[in-house]
Amino acid sequence: MKSTVKFQLIAMMFLMFFSWGAWYGQMSKYLLTTLGATGDQVGNAYTTFSIAAIFAPFFVGLIADRFFSAQKVMGFLNILGGVILYFLSQTKDPEIFFWYILAYTLCFAPNLALSNSIAMNQMQNPEKEFPAIRVFGTLAWIAVTNLVGYLGVGDNVMIFQIAMVSALLLGLMSFFLPKTSPTATGPSTFGQIIGKDAFVLFKDRSFLIFFISSVLICIPLSFYYAWANPSLTDGYKMAFPSADPTTFRIENIMSLGQVSEVLFMLLLPFAFGKFGVKKILIVGLLAWMLRFVFFGYGDPASSQWMLYAAILLHGVCYDFFFVSGMIYTDQKAGEKIKSQAQALISLATYGIGMYIGSIVSGKVKDQYTAGGVTDWLHVWLVP
C-alpha cells in the first residue's frame, strides 16, 4: 500500500470516530442539563443509533454496494450529516432533537461498513494491515473526549458543533479517497441482508447461547453509554459541592476506557493462544458484572478507585466479549456464510440488543429519580 493511500485511510478513520466520539458519550449529559430532558427522552435518543444500525445493512447492501462508489456515498452522507447537525444544534426541544439525531445517525451508521470496504479494498492482507488503520479510530475517540473534557463543554452544544465540522471535513475528503467501485451483482434478498442462511448456526447449542448472551449483554452496554457520564458528574458534584464542576473533567476520566480498549486489543492474540475463545468470553461476561458493581458502589470521596476500575474494565468487556465474539462467529460460520453470520450478530447486538437497552435504561433512570436527584446505586445495579 502506498504511503499516501495509507495516510488517507488513517485520516478517514480518525475523522469518522472523532465525529462520533464528540457527542455519543456526552449526549445524555447535554440532554439532561441543557435541554432539560427526562430519562425516557434520553433513552429514546440513544435508540436512534440502534435504529440506524438495523437499517444500515439494507442501505449498504441494496444501494451502496450496487450502484455507487463507496467513497462517493460516504462523502454525500457525511456532508448531509453535517447539515443535519447544524439544525440539531439550533433546537432546544428534546422531542424535536430526537428526530434530528435520528436523521443524523441514519447518515452516520452506514459509514462503519463503507469505511471498512474502502480500507480493505486497498489491502493485500487485511488481517495484518487493517488493525493498524482501525486503531486510529480509537485514538480519535480518545483525542476528542479529552478535548471535550479539557474545554469543559460536555454539557454544551459545542459537542455537536465539533461533530458537525468533523463530518463536513470527512465528507469533503471522502471524494478524494481511493476509488471503491460497487462490486455486488445479481439480486439481493431480504434474507441475505439479515443473514438468514446463518440461521443454521442456531442448531449449535454453544452458538445459540452465545447469540442470546450477545443480545442480553447489549442491554447493560446501553446503560454504560447513556449514563456513565451523568452519574460520574453527579457523584463528583455531591462529593465536592463547593468545587467548580469544570475541574472534574469527566470526559478525560472516561477516555481511559478507550485507552484500556487499545491495550487489551493488543493482548487479545496472546489470550486466544493461552486460554481459548470460550474462557475469554466468560472473562468478558464476568468483567461486565464487576464493572456495574463498581459503578454502583463507587464514590468519588471514599472509593474513587472503584470508578476508575469500572472505566478501565471497558477494554476487557469490549475486547474479550465483542471482538472475541466476532472471531468466534467467524470460526463457527465457515467460508460460505461468514459475512451473513457477522451481519446477523451485528443486527442482533447493536440493533436489537442496544435498542432494548436504551429504552430500558431511560425508564430505569426516571424510576430512580425524585426531586431532580437520581439514585445511581440502584440504576447501576439493575443491569
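Start by selecting Thr47, a residue of helix H3. Helices here are DSSP runs (H or I) of at least four residues and strands are DSSP runs (E) of at least two, numbered from the N terminus. The model on your screen is predicted, so local features need pLDDT of at least 70 and side-chain atom pairs count only at pLDDT 80 or more, while totals for chains, interfaces and linings use all residues. Residues are numbered from 1 along each chain as its sequence is written, and side-chain values use heavy atoms, with hydrogens and water left out.

**Stop 1: around Thr47**

Is Thr47 buried or exposed? Thr47 counts as buried because its relative accessibility is 3%. Buried means under 20% relative accessible area, exposed means over 50%, and partly exposed lies in between (1.4 Å probe, protein chains only). Now show the neighbours of Thr47: setting aside residues up to four places away in sequence, Thr47 touches Phe98, Tyr355, Ser358 and Ile359. Touching, or contact, means heavy atoms within 4.5 Å. Then look at Asn44, whose backbone oxygen is reached by the side chain of Thr47 at 2.5 Å.

**Stop 2: Asp40 and its partner**

Stay with helix H3, which spans residues 39-64, and select Asp40. Which residue forms a salt bridge with Asp40? The partner is Lys363, and the closest N and O atoms of the two are 3.5 Å apart. A salt bridge is a side-chain nitrogen of Lys or Arg within 4 Å of a carboxyl oxygen of Asp or Glu. Lys363 sits in helix H16 (residues 338-367), 323 residues away from Asp40, and the pair links distant parts of the chain. Color both residues by accessibility: Lys363 is partly exposed at 48%, and Asp40 is partly exposed at 24%.

**Stop 3: the other salt bridge**

The structure holds two salt bridges. For the next one, select Glu251 and Lys29, whose side chains meet at 3.0 Å, N to O. Glu251 belongs to helix H11 (residues 250-254) and Lys29 to helix H2 (residues 27-33), so this pair ties together parts that are 222 residues apart in sequence. Glu251 and Lys29 are both buried.

**Stop 4: Phe108 and the cysteines**

Go to helix H5 (residues 94-108) and pick Phe108. With 3% relative accessibility, Phe108 is buried. Leaving aside neighbours within four places in sequence, Phe108 is in contact with Met16, Trp20 and Phe49. You can also draw a distance from Phe108 to Ala167: their C-alpha atoms are separated by 9.0 Å, and the two residues are 59 apart along the chain.

Now select Cys107, which is buried with a relative accessible area of 6%. Cys218 is buried too, at 0%. How many disulfides does the structure hold? There are zero, a disulfide being a pair of cysteine sulfur atoms within 2.5 Å.

**Stop 5: Gln71**

Move to helix H4 (residues 70-88), where you will find Gln71. Gln71 is buried, with a relative accessible area of 4%. Not counting residues up to four places away in sequence, Gln71 touches Ile118, Ser174, Phe175, Leu177, Pro178, Lys179 and Thr180.

**Stop 6: Leu232**

Next comes helix H10 (residues 205-239), which holds Leu232. Leu232 is buried, at 4% relative accessible area. Beyond residues up to four places away in sequence, Leu232 touches Ile250, Met254, Phe295, Leu307 and Ile311. Add Trp376 to your selection: the C-alpha atoms of Leu232 and Trp376 are separated by 9.3 Å, and the residues are 144 apart along the chain.

**Stop 7: the bend in helix H12**

Select helix H12 (residues 256-275) and look for the kink of about 40° at Leu268, shortly before the proline Pro269. The bend at a residue is the angle between axes fitted to the seven residues ending there and the seven starting there. Leu268 is buried, and other buried residues in H12 include Gly257, Ser260, Val262 and Phe272. After H12 comes Gly276, with a positive phi near 85°.

**Zooming out**

Finally, show the whole protein, with its 17 helices and two strands. Of its 383 residues, 53% count as buried. Among contacts with a separation of 6 or more, residues 24 or more positions apart account for 83%. The accessible surface comes to about 17,200 Å², with 67% of it belonging to carbon and sulfur atoms; such areas come from the Shrake-Rupley method with a 1.4 Å probe, and for residues only the protein chains shown count as cover.

Methods: A polar contact is a pair of N or O atoms within 3.5 Å; within protein, one must be able to donate a hydrogen and the other to accept it, and residues adjacent in sequence count only if both atoms are side-chain atoms.
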